[in-house]
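Reader: I am new to this structure and should be grateful for a close look at a single part of it. Please take one pocket and then describe its surroundings.

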Amino acid sequence: MSRRRTLGAGALALALMSSGCVAGTSGGTSTAVDDQPFEGEVEFWTINLKKNFGAYVDGLIAQYQKDHPKVTVKWVDVPGQDIATKLLGAVASGDVPDAVNLASSDLGRFAPSLAPLDGLFKPADLADFQPNLIEPLRVSGKLYAVPWYNGGTPVGIYRRSVVSKAGFDEQAPPKSYAEALELADKVYAETQVYGSNDVPGPNAAAVLRYYGVELLSADKKKAAFNTPEVAELLETFKKSYDKHGLAPGTVSKDVRNYPQTLENGQLAMGASATAATLVNIQKNAPDVYEDLVVTEPVQTKTGGYLLLAQQTVAIPKASKHQRAAAEFVKFFTNGANQLAFCKLVPIYPSTVSSTKDAFFAGTGGDDPMAVARRVIVAGLPKLEYVPLGTSKDGELAESLAEAVRAFLQGSKSAKEALDAAEKQWDDALA
């Protein structure tokens, strides 16, 4: 006997139809099964939400079950470090959740085990999602997840009393990482306060992309970053590191506990920082918070801002309850429910309607968080989420970051670091 209640005959037919030839998949046509009722149990996995946001999720589930009395939602909350392992085990056993929260960085490895959503979500169901956030979730033209929440556009954060001594203009903040490094070097020269941890930061791959560097070959089988131009770029990072424009701790692997931070007063600026950074400063260092200027962040070559990952919701291919799961996911990720979640935690929605609420659109005042919210919401349409698109994105990014750390610390030349990273990438992609 399955650990879930069996779907009714009509709903089972619905699930089977939705995984076969329907509109948006293989050129088939939609039928009236889309409008048939569904019933049964939907098992839904999230990541690290129960402790702090249990009431929010339980409330949504209770509301959904009230409106759909023939559906029961079983919520399973999984520790973040365990989600991939747990899902891999579930896929191997065939006993999968019906809907699962996945970081977008994991989609590449799980896409073969996920159900294409094109037959489960009509265009109207997807219309409220930011196009720049949903389109990258397609693989070979098929949609494998819908966006949920994200960290928002980065923001520029500067300590006014420090950067002003280096000629910082609040009306014309750095627009590129090159300009940010130049300012960081001046800051240390004038104040002996370390500039930033921005470059290379926890993701050297992302920083290189801000400079317009292509990381992979077109067929995604070879590294493409090992060029004289990138070696020269690394040398500029090293110069700033040696001048202390880049703080000594920028080479730390423990990015959650950098030795020098804005919060502890040992850093002057973050040209591409997160809203979470600002929240922590407000909570733990109010004197620093009062000294902050918030601006637009540095931009990519195309004038946008990179989004390294977003939270998504997917439906495993082996789920027997795909239609019921899809209907619940539509409710769970709709604009109103995303807005409610954003009011509980400094995250940002993937739905356009959420950003039009007064909570975002009506924010006024010069408080750093108020300014940050305006900057972030204005920048959401310019977010660029373009993953490497391999099944090993995380592994590749870390190997490149490690090579750059080795170069900055002097154990490898720029060419040696790039050679080592290139070999690791090519071996991983072989």
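Author: In this predicted model, the second largest pocket holds about 350 Å³ of space. Its lining comprises 17 residues, and those closest to the centre are R209, V213, E214, L215 and V386. Sorted by class, the lining of this pocket has eight nonpolar, four polar and five charged residues.

R209, one of the residues closest to the pocket centre, falls within α9 (204-210), and α9 is among the elements that cover the buried residues of helix α8. Helix α8 spans residues 177-191, 15 in number, and extends 21 Å from its first C-alpha to its last, close to the 21 Å expected at 1.5 Å a residue. Its buried residues are Y177, A180, L181, L183, A184, D185, V187, Y188 and T191. Besides α9, the cover over them includes β8 (155-159), α7 (160-163), α10 (228-243) and β9 (269-273). Just after α8, Q192 adopts a positive phi of about 60 degrees.

L181 of α8 leads on to the nonpolar core, for F237 is in contact with L181. Setting aside neighbours within four places in sequence, F237 also touches V199, V207, L208, Y211, L246 and L408. In the largest nonpolar core, which has 140 residues, F237 and L400 are those with the most contacts inside it. In soluble globular proteins, nonpolar side chains tend to be buried together.

A last point concerns helix α11 (residues 275-284), in which A276 lies. A276 counts as partly exposed because its relative accessibility is 37%, which falls between the limits of 20% and 50%. The C-alpha atoms of A276 and P154 are 9.9 Å apart, although 122 residues separate the two along the chain.

Definitions and conventions: Residues are numbered from 1 along each chain as its sequence is written. This is a predicted model: local features need pLDDT of at least 70, side-chain atom pairs count only at pLDDT 80 or more; totals for chains, interfaces and linings use all residues. Side-chain values use heavy atoms; hydrogens and water are left out. A nonpolar core is a set of buried Ala, Val, Leu, Ile, Met, Phe, Trp, Tyr and Cys residues joined through side-chain atoms within 4.5 Å. Buried means under 20% relative accessible area, exposed over 50%, partly exposed in between (1.4 Å probe, protein chains only). Contact means heavy atoms within 4.5 Å. On a 1 Å grid over the protein atoms alone, a cavity is a set of points where a 1.4 Å probe fits but cannot get out, and a pocket is an open set with protein on both sides within 12 Å along at least five of seven lines; lining residues have an atom within 4 Å of a point. Grid points are joined across faces, edges and corners, and a volume is the space filled by probe spheres set on the points. Ala, Val, Leu, Ile, Met, Phe, Trp, Tyr, Cys and Pro count as nonpolar, Asp, Glu, Lys and Arg as charged, and the others, Gly among them, as polar. Helices (H or I, at least four residues) and strands (E, at least two) are DSSP runs, numbered from the N terminus. The expected span of a helix is 1.5 Å times one less than its number of residues.
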